[in-house]
Amino acid sequence: MPKPVVLIAEELSPATIEALGPDFEIRTVDGTDRPALFSALADANAVLIRSATKMDEEAIGKAPQLKVIARAGVGLDNVDIKAATTAGVMVVNAPTSNIISAAELTCGHILSLARHIPPAATALAGGEWKRSKYTGTELFEKTLAVVGLGRIGALVAARMQAFGMRVVAYDPYVTPQRAQQLGVELGTLDEVLEQADFLTIHMPKTPETTGMISTDELKKMKPTAYVVNVARGGLIDEAALEQALKDGEIAGAGLDVFSSEPPADTRLTGLPNVIATPHLGASTDEAQEKAGVAVARSVKLALEGDLVPDAVNVAGGVIDPFVRPGIALVEKLGQVFSGLAKAAVTSLDLEVRGELAAYDVSVYRLAALKGILTNVVSENVSYVNAPLFAEQRGIETRMTVEAESPEYRNITTLRGALSDGSVLSVSGTLAGTRMVQKIVGINGYEIEVPIEKHHVVLIYKDAPGIVAIYGAKFGAAGINIEGMQVAREKAGLALSIVTVDQRVPDEVLEEIGRDIDATLITQIEITEA
């Protein structure tokens with residue numbers, strides 16, 4: 001079997017290659033060279049990028065085999081997530097790789113502003129000795145206002161508390177209990193702005209947060225206050241900041257990010273009370289190595305058919321080890337369901353019973369939809385786009401989780417309403433210490449059949465000699481029967497699942513159906529998850 005192709009489009013740390021291991025064919029390309037990138041994407045299964053390579057709709061369209069786009073960093077401005085989702089391509093990043101580096105740079109900007117370190121160093125390098133000009137201020141007992149008390153904001157707060165700073169914060173999503181744990185006082189945005197000697201912003205960039213610090217907000221601050229932004233360009237209105245700095249409404253600013261990068265002009269960055277750095281938040285050896293190793297591990301998971309906790313376009317999240325083995329089972333149950341369905345699915349109920357009720361099993365919904373739709377739509381179906389395809393087809397999904405499971409330790413049932421008015425159900429479980437995937441129920445028929453690649457399902461009027469008839473037909477066609485189980489119901493009908501070694505020709509199935517007057521005869525081919 002050929003190894004999956006992993007395309008590295010930008011320079012990454014050697015540890016990234018080591019983390020990928022020997023199971024992939026590693027290729028490199030200059031991601032900024034569009035023709036070369038398009039050519040290299042033709043048979044790539046994964047692509048690893050940083051910030052320079054644009055994986056837009058055009059690039060994604062050149063990659064029919066692509067399963068995952070991995071950004072070795074946090075931002076995803078250069079990835080068209082919508083186009084990737086539609087194409088079934090997982091998008092992953094390394095959301096925690098640079099948090100320490102970004103927090104430390106923020107602290108560095110605060111210290112540099114307080115003690116005028118960069119301009120003093122520049123003056124001395126030019127032969128000037130101006131001690132009085134660069135008299136600074138202590139951080140001890142000053143107030144640091146943190147806007148956005150997430151992972152980086154919390155790290156900054158902890159580090160600056162070590163300098164004896166009082167920390168106040170604005171974050172509408174942080175509880176008073178969490179703030180108390182961090183030793184931080186919560187307030188409204190206006191309240192923290194008015195108290196701040198130093199303001200640092202750590203918010204995601206959204207339509208609501210873009211320009212959140214503008215003219216009115218800056219006017220609320222002390223004229224001795226300093227502003228720091230190492231988060232996202234555009235969170236601070238740069239024109240308003242420039243004017244406030246010129247008018248003396250605030251004392252200075254430390255900036256690492258800008259609305260356009262590099263900045264179109266130097267009117268803001270050239271001000272004497274501004275310390276500017278060229279987006280260095282993640283620019284440490286440690287952060288780059290962490291990012292590369294993290295996305296390499298995500299790529300391995302994705303190419304092995306697993307869900308990835310850092311995937312930004314999959315509603316999965318961290319999957320408990322107890323839940324993980326059931327993902328493949330549920331996907332295969334979805335394939336069995338679609339193989340038995342003789343009309344379009346209009347709604348799907350997913351029922352999980354047993355010990356799994358104590359865990360988050362929401363990922364099973366993705367697995368069920370992927371299994372059902374794999375042989376229904378012409379496009380490649382993945383955990384990423386299965387919910388999108390279901391929505392497009394008007395399939396409503398519901399999930400029920402119950403601890404009670406009288407017969408099995410755990411059992412998962414897919415029950416769907418079909419467009420012809422019928423209802424179809426398929427149940428399965430993982431059996432024994434080897435966790436064998438088994439079908440344990442179809443439409444009320446109780447069975448216990450290990451899931452294999454080829455199955456034939458028959459429903460017919462139960463009578464002596466029927467099994468011999470279709471057994472002989474399989475034998476005459478050279479089809480080996482690996483296993484078989486028959487279940488009966490009160491109405492006199494029997495359901496039989498025959499496990500065979502290979503695909504059965506359609507004409508053989510048609511002949512068997514006629515000979516036994518079957519009400520259902522269908523072939524199910526399982527694709528490995």
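These are my notebook entries on a few spots I looked up in this predicted model.

**Entry 1: strand S4 and its neighbours**

I began with strand S4, residues 68-71, and asked which residues cover its two faces. Val-68 and Ala-70 lie on one side, Ile-69 and Arg-71 on the other, and all of them are buried. I was pleased to find Arg-71 listed there along with Val-68, Ala-70 and Ile-69.

Next I looked for the pairing partners of S4. Strand S3 (residues 46-49) runs parallel to S4 and is joined to S4 by 4 bridges. Within that pairing, Ala-46 has Val-68 as its bridge partner. Strand S5 (residues 90-92) also pairs with S4 in the parallel sense, over 3 bridges. Here I noted Ala-70, which stands opposite Val-92. So that I would remember the two buried residues of one face: Val-68 and Ala-70 are both on the same side of S4, with Val-68 bridged to Ala-46 and Ala-70 set against Val-92.

Then I followed the chain from S4 to S5. Helix H4 (residues 81-86) belongs to this stretch, and S4, H4 and S5 together make a right-handed β-α-β unit.

**Entry 2: Val-456**

I picked Val-456 in strand S19, which covers residues 454-461. Is Val-456 buried or exposed? Val-456 counts as buried because its relative accessibility is 0%, under the 20% limit.

I then listed its contacts, leaving aside neighbours within four places in sequence. Val-456 touches Phe-474, Ser-496, Ile-497, Val-498, Val-504, Leu-509, Ile-521, Thr-522 and Gln-523. For a distance across the model, I took Val-456 and Gly-153: they are 303 residues apart in sequence, and their C-alpha atoms are 58 Å apart in space.

**Entry 3: Glu-242**

I found Glu-242 in helix H11, residues 238-247. Glu-242 has a relative accessible area of 12%, so this acidic side chain's residue counts as buried. Which residues does Glu-242 touch, not counting those up to four places away in sequence? I got Arg-267, Leu-268 and Leu-271.

**Entry 4: a patch on the surface**

I looked for nonpolar surface and found a patch of about 210 Å², made by Val-467, Met-484 and Val-486. Met-484 sits in strand S20, residues 481-488. Its relative accessibility is 40%, and therefore Met-484 counts as partly exposed.

**Entry 5: backbone oddities**

I went through the backbone angles last. The peptide bond from Glu-261 to Pro-262 is cis, with omega near -5°. Pro-262 lies in the loop between strand S11 (252-255) and strand S12 (274-276).

Which sign does phi have at His-116? Phi is positive there, about 55°, although His-116 is not a glycine. I placed His-116 in the loop between helix H5 (99-115) and helix H6 (117-125). With 21% relative accessibility, His-116 counts as partly exposed, because the buried class ends under 20%.

Asn-443 also has a positive phi, near 50°, and is a residue other than glycine. Its place is the loop between strand S17 (436-442) and strand S18 (445-450). I noted a relative accessibility of 37% for Asn-443, so Asn-443 counts as partly exposed.

Conventions:
Residues are numbered from 1 along each chain as its sequence is written. This is a predicted model: local features need pLDDT of at least 70, side-chain atom pairs count only at pLDDT 80 or more; totals for chains, interfaces and linings use all residues. Side-chain values use heavy atoms; hydrogens and water are left out. Patches are made of residues with over 30% relative accessible area and no salt bridge: like charges are joined within 9 Å, nonpolar side chains (Val, Leu, Ile, Met, Phe, Trp, Tyr) within 5 Å. Accessible areas come from the Shrake-Rupley method with a 1.4 Å probe; for residues, only the protein chains shown count as cover. A salt bridge is a side-chain nitrogen of Lys or Arg within 4 Å of a carboxyl oxygen of Asp or Glu. Buried means under 20% relative accessible area, exposed over 50%, partly exposed in between (1.4 Å probe, protein chains only). Two strands pair if DSSP finds at least two bridges between them. A crossover is right-handed if, with the strands pointing away from the viewer, the path from the first strand over the helix to the second runs clockwise. Contact means heavy atoms within 4.5 Å.
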